Amino acid sequence: MNTRKIMVSVMTVLALTACTQSTKEVKGEAYVPAFHFQDCDLEFGGIRFTKMINNADREVSRTGNVIRFTAPEGTDLFIDPNDGKLTKASAKILLTEIDNSKPFTFTARLKPGFTKDGLYNAANLMVVANDTLWQKLCFEQDERGKHRVVTVRTVGTSDDNDHEVISQDHIYYKISSDTHTIANYYSLDGRQWQMVRLYKNCYPTRLYVGICSQSPTKGECISEFSELSLSTDNVGDFRLGE
């Protein structure tokens, strides 16, 4: 086998590993006990949520078309890529199963329960395959008290990407896939969209999307979700999100 073929083979193995990294490969100082999928049966905004994490159904209620989701203090989902000190798997999440071999678009209006001392309080849209392969699109309070679009993608361990600062108290989010590519968008009005993250869709066929409210540090975070939509199509232009 020549050098070029060896390099191609190595790159192929590395690419496959990035998409299929298992729980066993990340256990250690940066890992906490895995979350487990639990059964539930809730319907909000025309979406039936059949799975949950950490008894999320106890923390949700509905008033009209608005879902109120309470995150108790200390709830978060993150696998620290460094020394493990920030690792948590305590977030409460509601999920619905989708067929990832088909396109999908998941949208919602989010209004997090921001507070003065609520560092990293957030309302999130989630994409979850298992405890070490997932992504969240957050409207989150940062270290300076600013409210930001944040994306966290986890393949074994988590990254953490801060995007635009948003001055209003609510935001519209969209996650869309054509089965090959998955992209994240935000909007201030639910009409004009801005892409913040795009990557290869290497999730398994059986996949879950859902909602989450988090409060990693102090006090509780009561987030509101409305205008939920889950469709079996994708955006026409992945750069514009339309």
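A residue counts as partly exposed when its relative accessible area falls between the buried class, under 20%, and the exposed class, over 50%. Keep that in mind for R68, which is partly exposed at a relative accessible area of 33%. We'll get back to R68 shortly; note before you start clicking that this is a predicted model.

**The whole chain**

Colour by secondary structure to begin. You should find one helix and 18 strands. Switch to a burial view next: 48% of the 242 residues count as buried. Turn on the surface, and you are looking at about 11900 Å² of accessible area, with 49% of it belonging to carbon and sulfur atoms. If you draw contacts between residues at least 6 apart in sequence, 63% of them join residues at least 24 apart.

**R68 and E224**

Now select R68 and E224. They form a salt bridge, with their closest N and O atoms 3.6 Å apart. Show the strands too: R68 sits in β4 (residues 66-71) and E224 in β18 (residues 221-231), so this pair ties together parts that are 156 residues apart in sequence. E224 is partly exposed as well, at 26% relative accessibility.

**Other salt bridges**

The structure holds ten salt bridges, so here are a couple of others to pick out. Select R48 and D41, whose side chains meet at 2.9 Å, N to O. R48 is partly exposed at 48%, while D41 is exposed at 52% relative accessible area. Then go to R191 and D189, where the closest N and O atoms are 3.7 Å apart. Here R191 is exposed, with a relative accessible area of 63%, and D189 is partly exposed at 32%.

**A buried asparagine**

Next stop: N184, in strand β15 (residues 181-187). Is N184 buried or exposed? Its relative accessible area is 0%, so N184 is buried. Show its surroundings, leaving out residues up to four places away in sequence, and you'll see N184 touching Q135, L137, K174 and I175, together with Q194, M195, V196, R197 and Y199.

**The largest pocket**

Finish by displaying the largest pocket, which holds about 360 Å³ of space. Of its 22 lining residues, select D76, F78, L86, Y120 and D160, the closest to the pocket's centre. Then highlight β10 (133-141) and β11 (147-155), the elements that give two or more residues to the lining. Colour the lining by class and you get eleven charged, seven nonpolar and four polar residues.

Key:
Residues numbered from 1 in each chain as written. Predicted model: local features only at pLDDT ≥ 70, side-chain atom pairs only at ≥ 80, totals over all residues. Heavy atoms only, no water. 1 Å grid on protein atoms, 1.4 Å probe; cavity = no way out; pocket = protein on both sides within 12 Å on 5 of 7 lines; lining within 4 Å. Points joined across faces, edges and corners; volume = space filled by probe spheres on them. Helix = DSSP H or I, 4+ residues; strand = E, 2+ residues; numbered from the N terminus. Nonpolar A, V, L, I, M, F, W, Y, C, P; charged D, E, K, R; others polar. Buried < 20%, exposed > 50% of the residue type's maximum accessible area, 1.4 Å probe, protein only. Contact = heavy atoms within 4.5 Å. Areas by Shrake-Rupley, 256 points an atom, 1.4 Å probe, with all protein chains shown as cover. Salt bridge = Lys/Arg side-chain N within 4 Å of Asp/Glu carboxyl O.
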